[in-house]
Amino acid sequence: MLSVEGLRSKYGRIEVLHGIDLDVKSGEIVSVIGANGAGKTTLLRCLSGVQPASGGQLVFRGDDISRLPAHRRVGLGLAQSPEGRQIFTNLSVEENLRLGAYLFADDRVEKDMADAFAMFPVLREKRNLSAGGLSGGQQQMLAIARALMARPTCLLLDEPSMGLAPILVDQILEVVKSLRSLDVTVLLVEQNAFAALSIADRGYVMETGRITMSGPAAELIADPRIREAYLGI
Ligand SMILES: Nc1ncnc2c1ncn2[C@@H]1O[C@H](COP(=O)(O)OP(=O)(O)OP(=O)(O)O)[C@@H](O)[C@H]1O
């Protein structure tokens, strides 16, 4: 579904992605784990098109998207739930969701909103309230729901567990797992390595802008190097 070859990216003159190779197959949940500053967010931003790549090729469902602007990538079915959630705090919950569907003006938008409320009932209760008043967990739910309003076939999820209590992390991960049944493929980046690998089919380890290990998630969880460096066990 998504193939990344030799992806490079820079901030100013400083290169922070040094040639990333990665692929995501249809129906998979793939997790990228790595420490703070490894380049995970930059990777997702390059995939969604909000950060320019300085080299490499991105192919999404057979189309070379390397040079497409972000909104065209969304139109092809690649949506992102960004780091820090980035919800519009001065808009209502419902308005945030409608912004996720900005590409569409058909009847399906209402159905998609009903589906989002079925997935996250608390958002229905708060649909007319300001999104800025939501708790951290609820804001994360809104960020995922807003991305789903774009009808993605592949969802890029940046650090959904950040700042959440363990019980909320579990709840969010259950939702991520359930996306499989909606035919949404997931590329998840996380510092919370155990959480990310425990729901993934495959995983990649990123260190200072490079992929240093990859494999089935169960094998990565069992690998002594991963256990010591990322799982603290
Ligand atoms: N806007 C920016 N300008 C300059 N350097 C940046 C910028 N954003 C990130 N960097 C640098 O790029 C490198 C990769 O950062 P990135 O945020 O992609 O890592 P990360 O793995 O997502 O970390 P985190 O989990 O903290 O978000 C780091 O060295 C970071 O300091």
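User: What makes strand 7 and strand 8 a pair in this model?
Analyst: This is a predicted model, and in it 5 bridges join strand 7 (residues 154–158) to strand 8 (residues 185–190). Pairing takes at least two bridges, so these strands qualify. They run parallel, and one of the matches sets Leu156 against Leu187 in strand 8.

User: Where does that pair sit in the sheet, and what is the strand order?
Analyst: The order is 6-7-8-3-9-10, in an open sheet of 6 strands with mixed pairing.

User: Why are strand 6 and strand 10 said to stand at the edges?
Analyst: Strand 6 (78–81) and strand 10 (210–216) have a single partner strand each, so one side of each is left without a neighbour in the sheet. As for twist, neighbouring strands here are turned by 15° against each other on average, with direction ignored.

User: How do you know how strand 9 is paired with strand 3 and with strand 10?
Analyst: Count the bridges again. Strand 3 and strand 9 are joined by 4 and run parallel, with Ile33 opposite Val205 in strand 9. Strand 9 and strand 10 are joined by 6 and run antiparallel; there, Glu207 has Arg210 in strand 10 as its bridge partner. The cut-off is at least two bridges, so strand 9 pairs with strand 3 and with strand 10.

User: What lies between strand 9 and strand 10 in the hairpin?
Analyst: Just 2 residues, and Thr208 in that turn has a positive phi of about 35°.

User: Why is strand 9 called largely enclosed?
Analyst: Because 5 of its 6 residues are buried. For each of those, 20 or more other C-beta atoms have to lie within 10 Å of its own.

User: Which helices lie on the sheet, and at what angles?
Analyst: Helix 1 (residues 40–48) lies across strand 3 (29–33), strand 6, strand 7, strand 8 and strand 9 (202–207), at about 150° to strand 7. Helix 6 (residues 136–148) packs on the sheet too, touching strand 6 and strand 7, and its direction makes about 170° with that of strand 6.

User: How do you know which side of helix 3 the buried residues are on?
Analyst: The buried residues of helix 3 (residues 93–100) are Val93, Asn96, Leu97 and Gly100. They cover an arc of only 100° around the axis, which puts them on the same side of helix 3. The general rule fits in here: an α-helix has 3.6 residues a turn, so residues three or four places apart point the same way. The cover over the buried residues of helix 3 includes helix 4 (108–119), helix 5 (121–125) and helix 6.

User: Is Arg151 buried, partly exposed or exposed, and what about Asp183?
Analyst: Arg151 has 18 other C-beta atoms within 10 Å. Buried needs 20 or more and exposed needs 12 or fewer, so Arg151 is partly exposed. Asp183 has 9 neighbours inside 10 Å, so Asp183 counts as exposed.

User: What makes the backbone of Arg151 and Asp183 worth a look?
Analyst: Arg151 has a positive phi of about 55° although it is not a glycine, and it lies in the loop between helix 6 and strand 7. Asp183 is not a glycine either, and its phi is positive at about 65°; the loop it is found in runs between helix 7 (166–178) and strand 8.

User: What is the make-up of the shell around the ligand?
Analyst: By class, 3 nonpolar, 7 polar and 2 charged residues. Among them are Tyr11, Val16, Asn36, Lys40, Glu83 and Gln191. Helix 1 gives the largest share, 3 residues.

Note on methods:
Residues are numbered from 1 along each chain as its sequence is written. This is a predicted model: local features need pLDDT of at least 70, side-chain atom pairs count only at pLDDT 80 or more; totals for chains, interfaces and linings use all residues. Axes are lines fitted to C-alpha atoms, for helices over the stretch in contact, and angles run from 0 to 180 degrees between N-to-C directions. Two residues are in contact if their C-beta atoms, placed from the backbone, lie within 7 Å. The arc is that of the directions from the helix axis to the C-beta atoms. A residue is near a molecule or strand if its C-beta atom, placed from the backbone, lies within 6 Å of it. Ala, Val, Leu, Ile, Met, Phe, Trp, Tyr, Cys and Pro count as nonpolar, Asp, Glu, Lys and Arg as charged, and the others, Gly among them, as polar.
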